[in-house]
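Please open the model in your viewer and keep the selection panel at hand. The stops below say what to select next and what is there.

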Amino acid sequence: MTLKEALEQSEEHFFDSFYRKLPYRSLGKDYSNPDNVNGEICAKCGGECCKRCGCEFSPDDFKEISFDYLKSQIEKGYISIAIIDSELIYNDIDILILRARNKNSPIIDFFTSNSPCILLTSTGCKLDYEHRPSGGKLMVPSENYSENFFGCKVHKCFSPYTIEDCCYEWEPHQKVLHELATYFFKKDYPCSL
Ligand code: SF4
Ligand code: SF4
């Protein structure tokens, strides 16, 4: 079915036909790995990764996945709804995810640019380790450097929770994320932290 055909159907049918109905699917994550936390390395680095973009939430980071609950979380002003291009994740559709909001970016952040996370301060993240998005929580800091695409030296840190993993986990929840994106369109909430 084409997108045009799907759009001609009722909203319920649109989601049923355009998005696969999938069960909740959580990938295993090891939050207890001591390598995930090395405040010394991150303090010396000053948050290089957090200056590029807010990290990704997993559905597992939320007590429940429902419109009302996620709305109450997004209203805190530090979570954005982002779209991940299908080509980036080798998928047949673009995927909506939740991530920590970037400074000077709207809640509906469909054009995610390289800008610092709204929660980054001169002394680190405003969230304690337990409440950080999985994308940040699972990052393994490293003191070593590698060269990026532009030939700049960047820390060689590694996250076992990839953007593909994040999209895989959010795919069953596209309908509620679309409803939230519609609700938050042109709405703004200041960061409550
Ligand atoms: S995880 Fe790596 S890039 Fe991010 S703050 Fe720590 S050392 Fe820097
Ligand atoms: S939420 Fe915290 S760990 Fe994640 S990017 Fe923002 S400042 Fe960094």
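**A helix across the sheet**

Begin by selecting helix 8 together with strands 1, 2 and 3: helix 8 lies across strand 1, strand 2 and strand 3, and runs at about 65° to strand 2. Bear in mind throughout that this is a predicted model.

Now hide the helix and look at the strands alone, which form an open sheet of three strands in the order 2-1-3, with mixed pairing. Strand 2 (95–100) and strand 3 (108–109) stand at the edges, and because each has a single partner strand, one side of each is left without a neighbour in the sheet. Select next strand 1 (residues 79–84), which runs antiparallel to strand 2 and is joined to strand 2 by six bridges; within this pair, Ile-81 stands opposite Leu-98 of strand 2.

**Two helices crossing**

Bring helix 8 (residues 174–184) back and add helix 5 (residues 67–74), whose axis comes within 10 Å of that of helix 8 and crosses it at roughly 50°. Because of that angle, helix 5 counts as oblique to helix 8, and helix 5 passes helix 8 in a right-handed crossing. To see the contact itself, show the side chains of Phe-67, Leu-70, Lys-71 and Ile-74 on helix 5, and of Val-176, Glu-179, Leu-180, Tyr-183 and Phe-184 on helix 8. Coloured by class, this contact of helix 5 with helix 8 has seven nonpolar and two charged residues, and no polar ones.

**The two ligands**

Move to ligand 1 and select the residues that surround it, namely Ile-41, Cys-42, Cys-45, Gly-47, Glu-48, Cys-49, Met-139, Pro-141, His-155 and Cys-157. Helix 3 (39–45) and helix 4 (48–52) each supply at least two residues of this shell, and the largest share, three residues, comes from helix 3. By class, the shell around ligand 1 has seven nonpolar, two polar and one charged residues.

Finish at ligand 2, around which you can select Cys-50, Gly-54, Cys-55, Ala-100, Cys-117, Leu-119, Leu-120, Cys-125, Leu-127, Arg-132, Pro-133 and Gly-136. How many residues of each class does the shell around ligand 2 have? Nine are nonpolar, two are polar and one is charged.

Terms used: Residues are numbered from 1 along each chain as its sequence is written. Chains are lettered from A and ligands numbered from 1 in the order in which they are written. This is a predicted model: local features need pLDDT of at least 70, side-chain atom pairs count only at pLDDT 80 or more; totals for chains, interfaces and linings use all residues. A residue is near a molecule or strand if its C-beta atom, placed from the backbone, lies within 6 Å of it. Helices (H or I, at least four residues) and strands (E, at least two) are DSSP runs, numbered from the N terminus. Ala, Val, Leu, Ile, Met, Phe, Trp, Tyr, Cys and Pro count as nonpolar, Asp, Glu, Lys and Arg as charged, and the others, Gly among them, as polar. Axes are lines fitted to C-alpha atoms, for helices over the stretch in contact, and angles run from 0 to 180 degrees between N-to-C directions. Angles under 35 degrees count as roughly parallel, over 145 as roughly antiparallel, 65 to 115 as roughly perpendicular and the rest as oblique. A crossing is left-handed if the near helix is turned anticlockwise from the far one by less than a right angle, and right-handed if clockwise. Two residues are in contact if their C-beta atoms, placed from the backbone, lie within 7 Å. Two strands pair if DSSP finds at least two bridges between them.
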